[in-house]
Amino acid sequence: PELAQAVQDASTCPQREFGSCFGNLIPEGVFTYFGCGRNTTAVHFDAHENLLLCLCGSKRLFLYHPSDARFLYPCNDFSRSAALPFIRADDLERDPELQAVRDRYPLLCHARALEVKLQAGDML
């Protein structure tokens, strides 16, 4: 909150620069998250559009096509997944140490992730 006015007043305000890409602003859907090194987030679905900026270091993501949701074991309000993050289908099929994961989530091997690696200055 302390930086909100400074961001809005900046000549390169993200809302002015990119706001039209996302349609009308939905104030209750505007959030900022900061992560530290080795931060891991559960497999999930974001209902609103996002911009992800890697300020420093790197960030690795697995992105899934919406049609793969049925293989990711959605739970709660279907915005979260019971599946473990950062397990590739190929690893799941080959790695004998992942047998317990295969047994618990047999459909997970059908989900095909697109791995994305962001470096400092990259935006997705």
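This dialogue explains how to read several features of the predicted model shown above.

Visitor: How many salt bridges does a search of the whole structure find?

Guide: A salt bridge pairs a side-chain nitrogen of Lys or Arg with a carboxyl oxygen of Asp or Glu. A search of the whole structure finds four. In one of them, glutamate 115 meets arginine 60, and the closest N and O atoms are 3.7 Å apart. Because glutamate 115 belongs to strand E4 and arginine 60 to strand E1, this pair ties together parts that are 55 residues apart in sequence.

Visitor: With which lysine does glutamate 115 form a salt bridge?

Guide: The partner is lysine 117, with the closest N and O atoms 4.0 Å apart. Salt bridges that share partners thus join Arg60, Glu115 and Lys117 into one network. As for exposure, glutamate 115 is partly exposed, at a relative accessible area of 27%, and arginine 60 is partly exposed at 34%. Lysine 117, with 57%, is exposed.

Visitor: Which residue forms a salt bridge with aspartate 91?

Guide: Arginine 94 does, at 3.4 Å from N to O. These two residues are three apart in helix H3, which spans residues 89-94, and are therefore separated by about one helical turn. Aspartate 91 is partly exposed, with a relative accessible area of 25%, whereas arginine 94 is exposed, with 62%.

Visitor: How should a charged residue without a salt bridge be read? Where is aspartate 68 found?

Guide: One looks at its place, its exposure and its surroundings. Aspartate 68 is in the loop between strand E1 (58-64) and strand E2 (74-75). Aspartate 68 is buried yet has no salt bridge, and the nearest side chain of opposite charge, that of arginine 70, is 5.6 Å away. The cut-off for a salt bridge is 4 Å. Not counting residues up to four places away in sequence, aspartate 68 touches His110, Ala111 and Arg112.

Visitor: Is leucine 92 buried or exposed?

Guide: Leucine 92 counts as buried because its relative accessibility is 1%, and a residue is called buried under 20%. Leucine 92 is found in helix H3. Leaving aside neighbours within four places in sequence, its contacts are Ile87, Leu98, Val101, Arg102, Leu108 and Cys109. By contrast, the C-alpha atoms of leucine 92 and tyrosine 33 are separated by 30 Å, and these residues are 59 apart along the chain.

Visitor: How many aromatic pairs are there?

Guide: An aromatic pair is read from the distance between ring centres and the angle between ring planes. The count here comes to two. Phenylalanine 62 and phenylalanine 86 form an edge-to-face pair, 5.3 Å from centre to centre, with 70° between the planes. This pair links distant parts of the chain, with phenylalanine 62 in strand E1 and phenylalanine 86 in the loop between strand E3 (80-81) and H3, 24 residues apart. Phenylalanine 62 is buried, at 13% relative accessible area, while phenylalanine 86 is partly exposed, at 30%. The rings of tyrosine 73 and tyrosine 105 have centres 5.0 Å apart and planes at 65°, so that pair is edge-to-face.

Visitor: Which residues make the nonpolar surface patch?

Guide: Phe34, Leu51, Leu53, Leu55 and Met123 make a nonpolar surface patch of about 560 Å². Methionine 123 is in the segment after strand E4 (113-119). Methionine 123 is partly exposed, with a relative accessible area of 41%.

Key. Residues numbered from 1 in each chain as written. Predicted model: local features only at pLDDT ≥ 70, side-chain atom pairs only at ≥ 80, totals over all residues. Heavy atoms only, no water. Patch = residues over 30% accessible without salt bridge, like charges linked within 9 Å, V, L, I, M, F, W, Y side chains within 5 Å. Areas by Shrake-Rupley, 256 points an atom, 1.4 Å probe, with all protein chains shown as cover. Helix = DSSP H or I, 4+ residues; strand = E, 2+ residues; numbered from the N terminus. Buried < 20%, exposed > 50% of the residue type's maximum accessible area, 1.4 Å probe, protein only. Lys, Arg positive; Asp, Glu negative; His and termini not counted. Contact = heavy atoms within 4.5 Å. Phe/Tyr/Trp six-rings, centres within 6.5 Å; stacked < 30°, edge-to-face > 60°.
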